[in-house]
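Work through the exercises below with the sequence and the 3D structure open. Each task is followed by a solution in steps.

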Amino acid sequence: MQDIHVVRKDNRHLYEGYFDPYFRLRHEIYVKQRKWMALDRPDGREIDQFDTEEAVYLFCIDNDQLIGAMRAVPTVMPTLMSEIFPYLNMRGPIHRSDVYELSRIFVIPERRGEHAGPRVDMLLLTAIMEYGLSTGLTGFSIVLESWWLPRFERCGWKARPLGVPHMMDGMSVLAVLVDCDEGTWTTLCSQIGLSKPVLTWRGLTGVNRRSLPDISPRVQPTAQQAQ
Ligand code: COA
């Protein structure tokens with residue numbers, strides 16, 4: 001069974017052994033497989049200027065193996081949107097303590113698609129909402145390829161475009177702002193069959209956060225109530 005771990009500067013020492021495989025996986029997936037050659041580095045690790053101390057990572061770990069991940073960067077710091085793709089955001093820069101920028105979501109190829117339990121990508125999308133709600137975030141900014149939009153729609157993520165899509169290296173790319181709210185989180189949990197929060201906060205007892213409640217199953221209205 002996989003667990004989703006919150007990794008931040010406060011507990012990074014507990015996950016140090018995962019970082020080298022993590023950056024190597026990013027290189028394998030983004031440079032070798034997706035051919036995003038601008039991210040290539042001779043040491044075979046994909047690390048950029050946004051992998052700072054302030055970055056928060058969600059690591060999906062199964063039997064000590066990293067099988068998926070996502071990165072969240074505070075928008076009060078430089079982000080992909082502010083530094084590399086500012087022209088995608090026609091509404092002006094986002095520098096807000098309650099908004100983090102998401103990037104580098106991936107699942108290792110062997111664990112993509114349908115599986116017996118909840119899909120790893122859906123778990124990550126649910127887990128980042130849980131992280132945001134727990135730590136007082138209200139939104140996530142993202143630079144993404146437009147094929148994400150129907151996926152977001154299906155899983156209840158509310159994404160508002162911040163500008164028009166641009167074609168880049170054959171990809172249609174745009175900037176969006178996604179609401180981080182309890183409704184989205186509970187809808188996702190119901191969709192994938194979770195009845196309680198999933199995040200592991202190992203070594204993060206000092207972090208100021210709200211404990212989220214268990215999720216009660218959706219009660220279907222009876223025939224009489226519907227009339
Ligand atoms: N272009 C267009 N659509 C894509 C896509 C791409 N590069 N990658 C995934 N999709 C869409 C497709 O609709 C695909 O449906 P298909 O099976 O009909 O092709 C669907 O997503 C399912 O994707 P799949 O890869 O089977 O698995 P998943 O849903 O478990 O995982 C990702 C989705 C994005 C997490 C996984 O594909 C991945 O890790 N990709 C590499 C990293 C990446 O590109 N991340 C996004 C940018 S940071």
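## Exercise 1: the ligand site

Task: Find the polar atoms of the protein that lie by oxygen atoms of the ligand, starting with Val-107.

Solution.
- Step 1. Start at the backbone of Val-107, where an N or O atom lies 2.8 Å from a ligand oxygen atom. The model is a predicted one.
- Step 2. Go to Gly-113, which has a polar backbone atom 3.0 Å from an oxygen atom of the ligand.
- Step 3. Turn to Asp-121, where a polar side-chain atom is 3.2 Å from an oxygen atom of the ligand.
- Step 4. Add the cover: the ligand taken alone exposes 870 Å², and the protein buries 64% of that.
- Step 5. Widen the view to the 15 residues around the ligand, of which Arg-34, Ile-105, Val-107, Arg-119 and Arg-151 come nearest.

## Exercise 2: an aspartate in a loop

Task: Which residues does Asp-48 contact, leaving aside its neighbours within four places in sequence?

Solution.
- Step 1. Locate Asp-48 in the loop between helix H1 (16-33) and strand S2 (56-62).
- Step 2. Check its exposure: the relative accessible area of Asp-48 is 15%. The cut-off for buried is under 20%, so Asp-48 is buried.
- Step 3. List the contacts of Asp-48 with those neighbours left out: Arg-26, Arg-71 and Arg-104.
- Step 4. Look at the polar atoms. The side chains of Asp-48 and Arg-104 are joined by a polar contact of 3.3 Å.
- Step 5. Include the backbone: a polar side-chain atom of Asp-48 lies 2.8 Å from the backbone nitrogen of Phe-50.

## Exercise 3: the faces of helix H4

Task: Which residues of H4 are buried, and which on the other side are exposed?

Solution.
- Step 1. Pick out the buried residues of H4, namely Trp-148, Phe-152 and Cys-155.
- Step 2. Look down the axis: these residues cover an arc of only 75°, so they sit on the same side of H4.
- Step 3. Turn to the other side of H4, where Glu-153 and Arg-154 are exposed.
- Step 4. Identify what covers the buried residues of H4: the cover includes strand S4 (99-107), H3, strand S5 (139-145), strand S6 (159-161), S8 and H5.
- Step 5. Move just past the end of H4, where Gly-156 has a positive phi of about 90°.

## Exercise 4: the buried face of helix H5

Task: Against which elements do the buried residues of H5 pack?

Solution.
- Step 1. In H5 (residues 182-192), mark the buried residues Thr-184, Trp-185, Leu-188, Cys-189 and Ile-192.
- Step 2. View H5 down its axis: the buried residues fall within an arc of 130° and therefore line one face of the helix.
- Step 3. Trace their packing partners, which are helix H3 (120-135), helix H4 (148-155) and strand S8 (171-179).
- Step 4. Just after H5, note Gly-193 with its positive phi of about 80°.

## Exercise 5: two cysteines

Task: How many disulfides does the structure hold?

Solution.
- Step 1. Recall that a disulfide is a covalent bond between the sulfur atoms of two cysteines.
- Step 2. The count for this structure is 0 disulfides.
- Step 3. Take Cys-155, which is in no disulfide, its nearest cysteine sulfur being that of Cys-189, 12 Å away.
- Step 4. Apply the cut-off: the two sulfur atoms must be within 2.5 Å, so the 12 Å from Cys-189 to Cys-155 is too far for a bond.
- Step 5. Compare exposure: Cys-155 is buried at 2% relative accessibility, and Cys-189 is buried at 1%.

Methods:
Residues are numbered from 1 along each chain as its sequence is written. This is a predicted model: local features need pLDDT of at least 70, side-chain atom pairs count only at pLDDT 80 or more; totals for chains, interfaces and linings use all residues. Side-chain values use heavy atoms; hydrogens and water are left out. Buried means under 20% relative accessible area, exposed over 50%, partly exposed in between (1.4 Å probe, protein chains only). Helices (H or I, at least four residues) and strands (E, at least two) are DSSP runs, numbered from the N terminus. The arc is that of the directions from the helix axis to the C-beta atoms. Contact means heavy atoms within 4.5 Å. A residue is near a molecule or strand if one of its heavy atoms lies within 4 Å of it. A polar contact is a pair of N or O atoms within 3.5 Å; within protein, one must be able to donate a hydrogen and the other to accept it, and residues adjacent in sequence count only if both atoms are side-chain atoms. Accessible areas come from the Shrake-Rupley method with a 1.4 Å probe; for residues, only the protein chains shown count as cover.
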